[in-house]
Amino acid sequence: MRIYALAVYLFLYIPIGIIALFSFNAGKHASQFTGFSLQWYGKALGNPFVTEAFQTSLIVAAVSALLATVFGTMAALALQSVKGRLRVAFDALIYVAVMVPGIVIGIATLIALVTVFDWLNPTLAALWPVADAAPQLSLGYGSLIAAHGLFSMALVIIIVRARIAGMDRSLIEASADLGATPWGTFRQVTLPQIFPGILAGFLLAFTFSFDDFIIAFFVAGSQTTLPIYVFSSIRRGVTPEINAIGSMVLAVSLILLITAQLVLRRDRKA
Amino acid sequence: MLVLPLVVVFVFSFGERGPAGGYVPAFTFDNFLNLGTRWAAFKNTLVLAPVGTLACLLIAYPLAYFLAIRAGDRWKTLLLILVIVPFWTSILIRSYAWIFLLGGQGLPALLDSLGLGNPRLINTPFAVLVGIVYGYLPLMVFPIYVSLERLDKRLLEASSDLGCPPARTFLNVTLPLSMAGVATGCMLVFILLMGEFLIPAMLGGGKVFFVGNALVDLFLQSRNWAFGSAVAVALVLVMLVTVTAYMRATRRWAGGRDDVSLM
């Protein structure tokens, strides 16, 4: 039984480990490890396409995670007061958003956005004061942030709500009894209590957006995120440079995940 | 937000392709009559999604059992986190790792040097299957673990006190009581596999493709949105039919479904 478990863990971690190991390979060929070197990291970070894609990914992940956290937290708090059948419907929709295959979300978002843009662009052009200078709405940063924000919001709602459910409600009543305003209660009692949930939600939303390939593939327009760059370069062939980029992507998500876990767990013990 | 796009896709599926791609309103069944040209994609999906789900289940169950019942309390949390962590890291990079491992310079070269022949592994159904198991194993382990963890351990003691051999205790007590988790896990993995794109795109190399790959091709490359929508509608219908049939079949032996939380 133990040996079996060990084998499964090896199966889960050896491929990741090999990518990380070979990213430090001095040799050009992916097959033989010929010595330790950081040259592929240097190559990757010196490649303007990589740095640009990395920057796009970071901006999209940061902004969409921030929006998802703010609106997700508000939604989680608001859902507290929703009861009965409506609540069941909301809960079901949130789980659907998390569980639907990415490709369906990608296609649906692409079609919805393009349809809306087709309606809005002529109107915008007609209303714009300067002729022929009206901004054209198109796929890009905006649509990436919107699509990622919307779907990671569902994650934030689930995590923050679990936090709210575990909260001591009598503290809120006590605060109100002692004459605190609702805003004061929220700022001094509710917020500190659910903060670990909010922080963990933010980190997960960031990871979701940073790692996402399929939704971005559909709605990125002319923008290139890091996963899209990696996907298109893999199609051109496997190079040690991709090992380096892949290891960096894995490292970013691992650090964020471990932080999120620590935030949630340390607080649970306290 | 969630229902509207599906309605749009449904409407689009009766339309026609515009001269420069995109969509022109029309009412025609041509797109649905053309579905036969994408039969290979549907066939691959309908074979590899259930097989992949089953493979995940067979590998995941013993691990979940070990974690829930055999592992010591000190290690349990850490081991569980170690299962979930890969699920949250980029599936793109994890599939890439298998291109690296199964590609010509990886495992086949290793087998060759050991004198075991040089099989072609990459771009085969086998490679896609490995990618599927690798990608979705955590999603299967977790719900099974939850249902085994909730199981009242005293029932197991009672069974063995009453002289039941371990194998029969497992078959008569443990297995039936964990069926809810098994049903949830299979459902999650199966639904996600039906829409899979990345794993066949990376490890199938254009030879083993799913409906998801056909959809990406139709929407992003050949920009035939009307036909793409018809394929999407067909996929959703197939999913509805199989999932409903599956739920009917499982409701008999699985009481309630376990709620899944992945964090």
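**A walk through two helical chains**

The domain assignment splits chain A into domain 1 (1-37) and domain 2 (49-269), the bounds being those of an automatic or database domain assignment. Before going on, note that this is a predicted model, in which local features need pLDDT of at least 70 and side-chain atom pairs count only at pLDDT 80 or more, while totals for chains, interfaces and linings use all residues. Residues are numbered from 1 along each chain as its sequence is written, and chains are lettered from A and ligands numbered from 1 in the order in which they are written.

Back to those two domains. Taken over C-alpha atoms, the centres of domain 1 and domain 2 of chain A sit 32 Å from each other. Their contact draws 8 residues from domain 1 of chain A and 7 residues from domain 2 of chain A, where two residues are in contact if their C-beta atoms, placed from the backbone, lie within 7 Å. On the domain 1 side, 5 residues are nonpolar, 2 polar and 1 charged. Here Ala, Val, Leu, Ile, Met, Phe, Trp, Tyr, Cys and Pro count as nonpolar, Asp, Glu, Lys and Arg as charged, and the others, Gly among them, as polar.

Now for the folds. Chain A has 11 helices and 0 strands, with helices (H or I, at least four residues) and strands (E, at least two) taken as DSSP runs and numbered from the N terminus. Its C-alpha trace spans about 70 × 70 × 30 Å along the principal axes. Chain B comes to 13 helices and 0 strands, and its C-alpha atoms fill a box of roughly 75 × 50 × 30 Å along the principal axes.

Where the chains meet, 44 residues of chain A and 45 residues of chain B take part. On the chain A side, α1 (2-23), α4 (84-99), α5 (102-127), α8 (182-211), α10 (226-236) and α11 (240-269) each supply at least two residues. The largest share of that side, 9 residues, is from α1(A). By class, the side of chain A that touches chain B holds 37 nonpolar, 6 polar and 1 charged residues.

Inside chain B, have a look at helix α3 (residues 39-70). Its 32 residues should span 46 Å at 1.5 Å a residue, and because its end C-alpha atoms are 46 Å apart, the two agree; the expected span is 1.5 Å times one less than the number of residues. Even so, α3(B) has a kink of about 30° at B:A60, shortly before the proline B:P62. That bend is the angle between axes fitted to the seven residues ending there and the seven starting there.

B:A60 turns up again in the contact of α3(B) with α10(B), whose members on the α10(B) side include B:G185 and B:F190. This contact has 11 nonpolar, 4 polar and no charged residues.
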